[in-house]
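Got your viewer open? Load the model below, keep the selection tool handy, and follow along stop by stop.

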Amino acid sequence: MTKLKDLYIEELQDLWSANDQMSEVVSAMADKASDSKLADRLSAAKDGIDQHTRLLKSLLEDADAEVKKEHCKGMEGLVKEARKHALDSDMSGAALDVAIIAQYQRMCHYGIAGFGTTKAFAEALGEDDAARKLDDALDNIYESDDFMTELAERSRNVDAA
């Protein structure tokens, strides 16, 4: 189990880095969004991401691990894509909002994979409290992703056409 615990700790440290990177770009996307519902949801998502980061630090402490982050290259790439396709683009209005939603969802899906894997590791290690907390974080991420899908399907995709 030592090897699995090492993987669990590495995943927590990687997710911390991913969250820090995502939080920064989500804040910038909230500032550029033209739709007030989108901007509000991105601002709330940033707060949720920051809350999840505090959870990750807490779980590292609970695991008697070094409380540090390990740079996440996967999220680094997704953040570069978000900047390229949304923040640094020449788009505006509804088209930009749709691009922001797409980039946000890509980052969310990466988070879903990471938090889901970490939850599975916690369960396998018998860390039931950690698994429950990670499951709650997953629920938050899924909820945010679902909201973005609904927003894109109902209004922004139609407006961007």
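Leaving aside its neighbours within four places in sequence, which residues is Ala 65 in contact with? Select Ala 65 and you'll find Ile 9 and Leu 60, where contact means heavy atoms within 4.5 Å.

Before going on, a word about what's on screen. This is a predicted model, in which local features need pLDDT of at least 70, side-chain atom pairs count only at pLDDT 80 or more, and totals for chains, interfaces and linings use all residues. Residues are numbered from 1 along each chain as its sequence is written, and side-chain values use heavy atoms, with hydrogens and water left out.

**Stop one: the loop between α2 and α3**

Stay with Ala 65, which is in the loop between α2 and α3. Helices here are DSSP runs (H or I, at least four residues), numbered from the N terminus. Ala 65 counts as buried because its relative accessible area is 17%; buried means under 20%, exposed over 50%, and partly exposed in between, using a 1.4 Å probe and protein chains only. Now add Asp 6: it sits 59 residues from Ala 65 in sequence, and the two are 9.1 Å apart in space, C-alpha to C-alpha.

Next, click Asp 64, in this loop between α2 and α3 too. Is Asp 64 buried or exposed? It counts as exposed, since its relative accessibility is 73%. Check its backbone as well: Asp 64 has a positive phi of about 55 degrees although it is not a glycine.

**Stop two: helix α1 and the core**

Pick Leu 15 in helix α1. Leu 15 counts as buried because its relative accessibility is 2%. Leaving out residues up to four places away in sequence, Leu 15 touches Leu 56, Gly 114, Phe 115 and Thr 118. For a long look across the model, draw a line from Leu 15 to Ser 89: the pair are 74 residues apart in sequence and 27 Å apart in space, C-alpha to C-alpha.

Now bring up the largest nonpolar core, which has 51 residues. Such a core is a set of buried Ala, Val, Leu, Ile, Met, Phe, Trp, Tyr and Cys residues joined through side-chain atoms within 4.5 Å. To see the members with the most contacts inside it, select Tyr 8, Val 26, Met 29, Leu 42, Tyr 104 and Met 107. Two or more residues come from each of α1, α2, α3 (73-87), α4 and α5, and the largest share, 12 residues, comes from α1.

Zoom in on Tyr 8. Not counting residues up to four places away in sequence, Tyr 8 touches Leu 59, Ala 63, Thr 118, Phe 121, Ala 122, Leu 125, Ala 130 and Leu 134.

**Stop three: along α4**

Tyr 104 is in helix α4, and it counts as buried because its relative accessible area is 2%. With residues up to four places away in sequence set aside, its contacts are Met 22, Val 26, Met 29, Leu 42, Ala 45, Ser 144 and Met 148. Its C-alpha atom is 9.0 Å from that of Val 25, 79 residues away along the chain.

Step along to Gln 105, also in helix α4. Gln 105 counts as buried, as its relative accessibility is 14%. It touches Asp 145, Met 148 and Thr 149, not counting residues up to four places away in sequence.

Follow that contact to Asp 145, in helix α5. Asp 145 is buried, with a relative accessible area of 8%. Besides Gln 105, Asp 145 is in contact with Cys 108 and His 109, again leaving aside neighbours within four places in sequence.

Want to see where the chain goes after α4? Select Gly 126, just after α4, which takes a positive phi of about 75 degrees.

**Last stop: the largest pocket**

Finally, show the largest pocket, with about 300 Å³ of space. Of the 20 residues that line it, the closest to its centre are Ala 45, His 52, Asn 140, Ile 141 and Ser 144. A pocket here is an open set of points on a 1 Å grid over the protein atoms alone, where a 1.4 Å probe fits, with protein on both sides within 12 Å along at least five of seven lines; lining residues have an atom within 4 Å of a point. Its volume is the space filled by probe spheres set on the points, which are joined across faces, edges and corners.

Which element gives the largest share of the lining? That's α2, with 6 residues.
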